[in-house]
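Hi,

Here is the structure I promised to send over, with my notes underneath. Have a look at it first, then read on.

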Amino acid sequence: MENFASLHFMGAAGEVTGSKTLIHFDHQSFLVDYGMFQGEKTSKQKNWEPFGESVKDLTAILLTHAHMDHSGLVPRLVKEGFRGNIFCSSGTAALLKIMLKDSAHLQLEDAEYANRTGHSHHKPALVLYDEQDVENTLRHIQEESLNEWHQLGDRVSFQMLRAGHITGSTFIRFKFKVNGKQTFVTFSGDIGHDRLITVKKPTSLPETDYLILESTYGDRLHQDEDALEHLAKVINQTIHNNGVLVIPSFAVGRAQEIIYMIRVLEDQKKIPTIPVILDSPMSKEATAVYLEHSDDFPEDVTFALNLRKFFPSKFEMIKSNQQSREVVDRRGPMVIVSASGMLEGGRVLHHLKNYLPSEKNTVLFVGYQAEGTKGRYLQEKAKTLGMMKIHHEEIKVKASVESLNSLSGHGDQEDLIQWLKSSPSKPKKIFINHGTSHSMMAFAARIEKGLGIPCEPILEPRKVELS
Ligand SMILES: [Zn+2]
């Protein structure tokens, strides 16, 4: 059979960040996601690599969702001359407004810090893009409704379907018409599961010929854990110890889950009322986006929202850095939900400096900690060593360190298999991306053996032909 299109996997190949795939079809090219590489320094360096193809020939960019590892480099393309449409859902568009601005802001802060201290690869330190580039990017965004077909060219159209990962998250299904025949190619983006309490579960996978499937947790299961029970246990322990529970969360998705879970536990009388502080301006803005896009909420959350039972009863959102620093003066048990879930910077670091040295306190991780991050270090090494460096200071680690894996916005191996099985027919081939090499290989073996679908793990950036 003749090749009709090609896919160029430019990132998330053998790793979990930098998601980006270029589709060539009919002398046109479309990008699905254009995300940042995150984590280790060598990974971050890749954010500076040139696009490698003509930006001006790029017809459109389609974004599965607003997480920076899927959309964080788009302003770089606009800066380099991209003038086409950026298609996404309305929830994604709303989140991008705050997340891209925050990304530009963080880069500026990092560059200023590097210039002051002389820690920089570039001299002087540079930013990938600035706030003006973000403003220019936002003007190209075209919000699209879910499920409907949208025309991209004479012979290609796409639809966005609910991925159940964060608000506005989608998977994208293309329909190519070649020689009177239709071929469907679907990009999973990040796929959620039915245990998240603040987003509706993923839509079933419709018929597709080719599937590009994420595999963040392709080699793992995390369903056995009862997240609510576990969280109740940690909170009750914190109250018993008269300690502080620090939850390094992710500003978008995880923070909202945690906040609502605490409210649910209060209402179920599984925990007493405890002061809960959300210390992240980004989480505050993201929470507002969640509330505005309540279509994405499961029904019981909408119901709770109408009864004003979404937030914990003693809930406070902290605004200024000053207020954040003053938290340490407060007495009695409390929960601090902070952003920067992998401890890569921000306010959570000064909370850790304050609370890690006492065994009364607990740090609870609620998401994946990428290799090379401070989060992974605290999770795997610092507790055993009893020490970790924060802002060049040696900090004693006596607090308990716990992890709640089932709260991840990513489905585990079984969730992804169930999603595959929800399709009325088997794809003829699955390309596995967005996972470590180990996860990709294990997941490919599981699918081939269990479902009999040929799988090709994308272990490094490369092109593949579709026929
Ligand atoms: Zn994501």
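Which residue of β11 does V185 stand opposite? V185 stands opposite Y210. I'll get to the rest of that sheet region below, but first some housekeeping.

This is a predicted model, where local features need pLDDT of at least 70 and side-chain atom pairs count only at pLDDT 80 or more, while totals for chains, interfaces and linings use all residues. Residues are numbered from 1 along each chain as its sequence is written.

**Domains**

The chain splits into domain 1 (5-220 + 409-466) and domain 2 (227-407), with bounds that come from an automatic or database domain assignment. Their C-alpha centres lie 28 Å apart. Across the boundary, 23 residues of domain 1 are in contact with 24 residues of domain 2; contact here means that the C-beta atoms, placed from the backbone, lie within 7 Å. On the domain 1 side, the touching residues come out as 10 nonpolar, nine polar and four charged. For those classes, Ala, Val, Leu, Ile, Met, Phe, Trp, Tyr, Cys and Pro count as nonpolar, Asp, Glu, Lys and Arg as charged, and the others, Gly among them, as polar.

**The core**

The largest nonpolar core has 128 residues, and the members touching the most others are L62, I247, A255, V335, V337 and I432. Helix α7 (residues 254-267) gives the largest share, eight residues, and each of the two domains supplies at least three. A core in this sense is a set of buried Ala, Val, Leu, Ile, Met, Phe, Trp, Tyr and Cys residues joined through C-beta atoms within 7 Å. Buried means 20 or more other C-beta atoms within 10 Å of the residue's own, exposed means 12 or fewer, and partly exposed is in between, again with C-beta atoms placed from the backbone. Helices (H or I, at least four residues) and strands (E, at least two) are DSSP runs, numbered from the N terminus.

I432 is worth clicking on: leaving out residues up to four places away in sequence, its contacts include L213, M440, F443 and C455.

**Around β11**

Strand β11 (residues 210-214) has five of its five residues buried, so it is largely enclosed by the rest of the structure. Y210, I212 and E214 point one way from the strand, and L211 and L213 the other way. On pairing, two strands count as paired if DSSP finds at least two bridges between them. β11 is joined to strand β20 (residues 429-433) by five bridges, running parallel, and Y210 stands opposite K429 there. Strand β10 (residues 181-187) also pairs with β11 in the parallel sense, over three bridges, with T186 matched to L211. β10 in turn runs antiparallel to strand β9 (residues 170-178), with seven bridges between them, including one from V178 to K181. That hairpin has two residues between its strands, and N179 takes a positive phi near 50°.

**The seven-stranded sheet**

There is an open sheet with mixed pairing, in the order β6-β5-β4-β3-β2-β1-β22. β6 (141-143) and β22 (462-466) sit at the edges with a single partner strand each, so one side of each is left without a neighbour in the sheet. Neighbouring strands are turned by 25° against each other on average, direction ignored; axes are lines fitted to C-alpha atoms, for helices over the stretch in contact, and angles run from 0 to 180 degrees between N-to-C directions. β4 and strand β5 (residues 85-88) run parallel, joined by three bridges, and I61 stands opposite I86. Helix α4 (residues 90-117) packs on this sheet, touching β5 and β6, and its direction makes about 145° with that of β6.

A60 is found in strand β4 (residues 58-62), and it counts as buried because it has 20 C-beta neighbours inside 10 Å. Beyond four places in sequence, A60 touches F30, G84, N85, F87 and L152.

**The six-stranded sheet**

The other open sheet I noted has parallel pairing and the order β14-β13-β15-β12-β16-β19. Its edge strands are β14 (315-317) and β19 (400-403), and the average turn between neighbouring strands is 20°, direction ignored. Three bridges link strand β13 (residues 276-279) to β14, and L278 has M317 as its bridge partner. Helix α11 (residues 348-355) packs on this sheet, touching β12 (244-248), β15 (334-338) and β16 (362-365), at about 150° to the direction of β12.

Cheers

Technical notes: Two residues are in contact if their C-beta atoms, placed from the backbone, lie within 7 Å.
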